[in-house]
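Work through the exercises below with the sequence and coordinates at hand. Each task is followed by a stepwise solution.

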Amino acid sequence: MARAKLILICQCGGEFVRKDDGTLSYTGGDAHAVDINHETLIDDLKLKLAEMCNLGYKSLCIKYFLPGNRRTLITLSSDKDLKRMYEFHGNVVTADVFVMGKAGFDAEEALNTLQRACGIKPADSVTPIAASSTSAVVFHADANHSVAVNSPIAPSDVNTAVVLAPQQAGSIISAKEGTQSASGVAHTSNTFPAFTDHADAITSKPTGSISLAADASVHSLDKNDMDSTPAGVISSSPNGSISVAADASVHSLDIIDMDCTPADTVKKRRRTAAWKIGPDGPTIVSVKDDIGDKGKPTSRKKNTVNYKTAPKTDNEDQQEEIVPCKDSNSIDPIQAILGPSNDVPSEELVTLWKDGITGVGQEFTSVLEFRDVLQKYAIAHRFMYRLKKNDTNRASCICIAEACSWRIQASWDSSMEKFVIKKMEKRHTCEGESWKFYHPKKNWLVSIIKDRLTDNPHLKPKEIVNSILQDFGITVNYTQVRRGIEDAKEQLMGSYKEAYNQLPWFCEKMAEANPGSNIRLFTGEDGRFQRLFECFHASIHGFQNGCRPIIFLDSMSLKSKYHETFFAATALDGDDGAFPVAFAIVDTENDDNWHWFLDQLRSAVSTTQSLTIVFDREKGLEKLVTEVFENAHHGYSMHHLLRSFKKNLRPPFHGDGKGSLLSCFVAAAQSLRLDGFKYFTDQIKQVSSHAYDWVLQIEQECWTNVFFKGEHYNHITVDVAETYANWIEEMRALPMIRKIEVLSSKLMELINTRRTDSCTWSTELTPSKEEKLQEKMLQAGRLKVLFSTDTLFEVHNDSINVVDLNKGECSCLDWKSTGLPCCHVIAVFNCTGRNVYDFCSRYYKVDNFRSTYSESITTVAVPFKPLDSDKIDSEAENVLPPSISRPQSHDKENQKKTKGVAKKEVFCSNCKETGHNKATCKAGS
């Protein structure tokens, strides 16, 4: 039976101690138990642990050990990581996790962070309340006046009504205490909305909190009736609190648990009633918990928490009191306007901005807040303004159109400690002429772009230009958006320039965390970044103890702002998987940097074995490889040769046609005998003489098994560096130091995953080699063996092959080439009672594979913000980004290569001649 849950033993407050054998132990602190299953989300778990361990949600970090490995800690940072951990522990009932972070849990901050990170939205639809065009929901009022926000009320299936009564002066309570502040509310009214309901009503409570009520019908209630408060009747009290009784027999409203934790609140966000900002202000939304709904399921990212629960009073059985969160976009319109907008549809966002400026007396916390709200207000109303006076104490603006009457003045009020609008003329006489000259400010454009990139990090500038025009009617040019993208990414992911300055610190920490590693950073005389080399101890150990002596070299662009190049050295493990040996990042790709990289590689992976170095023929690395690795063999990558072969194919094609050329080329490369090589090259010649000439001009000793003297490798026809390419594409937008951090984490994850997978293997050879050996065993059953001596045999089938056990050879040459006994040798072993696995190459043994991945990489977390100056050695060098020098145009390179070469000839598919095509062929006329 599958395991239903996994119990996490959550330890916090202690510290890790490394033992002499390299393993880690955790001492001190407290422990708590939490249940999870395969559907548990990482955000829910983090909230629960942050509250349980009294740690800050933002700083919370969860780590664990893989089963059987106490050397390397794995970080849980996503839902995928959590599910992987759940799967790694198989049928185990409990698992240890270690929780770290800054002390002090703030529930409000945690919920706000979760909303911003997940792009959560309150509800999918607004349920109107009751029929009225002038009614309002009052948020706060003092003894002299009451402040309200207009809200249209229409018939509803749920018929939920909420009214907030006036509040005495000085009775404002913060959101943490359970009530809503008055700042930012829009319109003023001295009357309550009139509701009448003989069965239900709203009853005031002295706690300053809100309750919801539902009934089959809602009528009007006269203000004079507020004095009497029978069960289910509305009344007011001086402290501005209200409650709503519910007739459960007619409609049931979702019960809000007043004692639930923030983590529980997040889990219930799909069912909780919420505020909704509409064109005319906030309204209450009741989200139905309809299990049988056949519509599309609501995405977790489209839900949000809009309520903070308050304690329930002793004498209420069917009433629940809830208090809107302080940062709820429906309660505080100013904060809604200034807050993240990626979770609000564009049309609703513009509608919200229209009500940002309401008139004289409106208060703001600072002049910066006033400017931001005014800018969005101008965009929503489609006009442009100019600041006549603009400082920290006052701001005066007029419409940019001449003779237009619109103007606004605001200044700092020291008695209220608020920035207050003193004068405003709302009417425009320019008839929208100023909008023709509108140019958005940089900070607004960056904020919009940042919201777009949060949803889709790979948006192109042109796509953002089109979306801004469609959503806001504002035309921005490509250059503005491109620069805005750079600023937005810097705000989201950190500074590109500062990332280079953190490299010395990061390299030092990585070397400390991974003893025996070779990590080196080089800068120029001007302090600019030039080269970075990383070869972890886990990679060195794996290559020297478990990999065949073959290294593939490759390079690719990092696709970043400064056009750096990535160098990679990759080996093959016992299952023919790519094993990362070392990588480097250089400012540009040239012979000097390649020579430096090869020098570093030689010193890092020093070995007595003769190496085989494989690279792209077009890189021209033969001379450099020979200089650095004097006794090594070098060959050309089959993946790159095949790509070049396809590029150079030219018609006409005869015989089997173009489709047969690739297979013949691979067969020629992998042929073990000279007659086999000649046979397949002749097949190529019969199809295309041009392709045949191209094949023969390649140095045969660098790519064919017949002539190559080193370790055979050309059975690998895929791109060995494809894994690196995929990782680079994922992190192309990250600053340099975060690129290296992600690369290190990916390498750590790859090593840990393969080590874990190999623990489940029950065969003696790795899976791919075991499968090939089994195929050969089946073939061996049909062969006839003749004994010449005790060690010399003849194996008969369609041909005769000689097996010499003393030399470890078979005349078919397959045993020596692949490292696995061929079918002829296996037939001999079957007759002589030998164990076939004893004669397989050690590189293919499962024990050897496990040794390859026995060591681990320890990563170092990079702080989001630049390190404090006191944490950086004052004598440490400052590293500047490399000079931006774009790679030489490929078109110019191609022009140089093709200079003096004839253009591609036109080929006729009708008469098979060149110089014309089928349309102009005269052979058929």
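The exercises that follow concern a predicted model.

**Exercise 1. Overall composition**

Task: State how many helices and strands the protein has, and what share of its residues count as buried.

Solution.
1. The secondary structure comprises 26 helices and 31 strands.
2. The protein has 925 residues, and 49% of them count as buried.
3. The exposed surface is about 45700 Å², with 48% supplied by carbon and sulfur atoms.
4. Among contacts with a separation of 6 or more, 68% are between residues 24 or more positions apart.

**Exercise 2. A five-stranded sheet and its helix**

Task: Give the strand order of the open sheet that contains E16 and E17, and identify the edge strands.

Solution.
1. The order is E16-E20-E19-E18-E17, with antiparallel pairing.
2. Strand E16 (363–364) and strand E17 (385–390) each pair on one side only, which makes these two the edge strands.
3. E17 runs antiparallel to strand E18 (residues 394–399), and five bridges join the two.
4. Leu387 has Cys397 in E18 as its bridge partner.
5. Helix H7 (residues 367–381) packs on this sheet and touches E16, E17, E18, strand E19 (407–413) and strand E20 (418–425).
6. The direction of H7 makes about 165° with that of E17.

**Exercise 3. Salt bridges within helices and between loops**

Task: For the pairs Arg84 and Asp81, Asp372 and Lys376, and Lys619 and Glu589, give the N to O distance and the place of each pair in the chain.

Solution.
1. The structure holds 21 salt bridges.
2. Arg84 and Asp81 meet at 3.2 Å, N to O. Both lie in helix H2 (residues 79–88), three residues apart, about one turn of the helix.
3. Arg84 counts as buried because its relative accessibility is 17%, under the 20% limit. Asp81 is also buried, with a relative accessible area of 13%.
4. This pair is part of a network of salt bridges that links Asp81, Arg84 and Glu749.
5. In Asp372 and Lys376 the closest N and O atoms are 4.0 Å apart. Both residues lie in helix H7, four residues apart, about one turn of the helix.
6. The spacing suits a helix: an α-helix has 3.6 residues a turn, so residues three or four places apart point the same way.
7. Asp372 is partly exposed at 24% relative accessible area, whereas Lys376 counts as buried at 7% relative accessibility.
8. Lys619 and Glu589 have their closest N and O atoms 3.2 Å apart. The pair links distant parts of the chain, 30 residues apart.
9. Lys619 is in the loop between strand E26 (612–615) and helix H15 (622–628), and Glu589 is in the loop between strand E25 (578–586) and helix H14 (591–604).
10. Lys619 is partly exposed, with a relative accessible area of 30%, and Glu589 is partly exposed with 33%.

**Exercise 4. The surroundings of Thr565**

Task: Is Thr565 buried or exposed, and which residues beyond its sequence neighbours is Thr565 in contact with?

Solution.
1. Thr565 is placed in strand E24 (residues 565–572).
2. Its relative accessible area is 9%, so Thr565 is buried.
3. Leaving aside neighbours within four places in sequence, the contacts of Thr565 are Ser555, Met556, Ala584, Ile585, Val586, Thr588 and Glu589.
4. Among these contacts is Glu589, the salt-bridge partner of Lys619.

**Exercise 5. Aromatic pairs**

Task: Classify the ring pairs Phe16 and Tyr26, and Trp594 and Phe597.

Solution.
1. The whole structure contains 38 aromatic pairs.
2. For Phe16 and Tyr26, the ring centres are 4.8 Å apart and the planes are at 65°, so the pair is edge-to-face.
3. Phe16 lies in strand E2 (residues 15–18) and Tyr26 in strand E3 (residues 24–27), so the pair ties together parts that are 10 residues apart in sequence.
4. Phe16 counts as partly exposed at 25% relative accessibility, and Tyr26 as buried at 13%.
5. For Trp594 and Phe597, the centres are 5.9 Å apart and the planes are at 75°, so this pair is edge-to-face.
6. Trp594 and Phe597 both lie in helix H14, three residues apart.
7. Trp594 is buried, with a relative accessible area of 3%, and Phe597 counts as buried at 0% relative accessibility.
8. Both belong to one aromatic cluster formed by Phe522, Phe533, Phe567, Trp594, Trp596 and Phe597.

Definitions and conventions:
Residues are numbered from 1 along each chain as its sequence is written. This is a predicted model: local features need pLDDT of at least 70, side-chain atom pairs count only at pLDDT 80 or more; totals for chains, interfaces and linings use all residues. Side-chain values use heavy atoms; hydrogens and water are left out. Buried means under 20% relative accessible area, exposed over 50%, partly exposed in between (1.4 Å probe, protein chains only). Contact means heavy atoms within 4.5 Å. Two strands pair if DSSP finds at least two bridges between them. Axes are lines fitted to C-alpha atoms, for helices over the stretch in contact, and angles run from 0 to 180 degrees between N-to-C directions. Accessible areas come from the Shrake-Rupley method with a 1.4 Å probe; for residues, only the protein chains shown count as cover. A salt bridge is a side-chain nitrogen of Lys or Arg within 4 Å of a carboxyl oxygen of Asp or Glu. Rings of Phe, Tyr and Trp (its six-membered ring) pair if their centres lie within 6.5 Å; planes under 30 degrees apart count as stacked, over 60 as edge-to-face and the rest as tilted.
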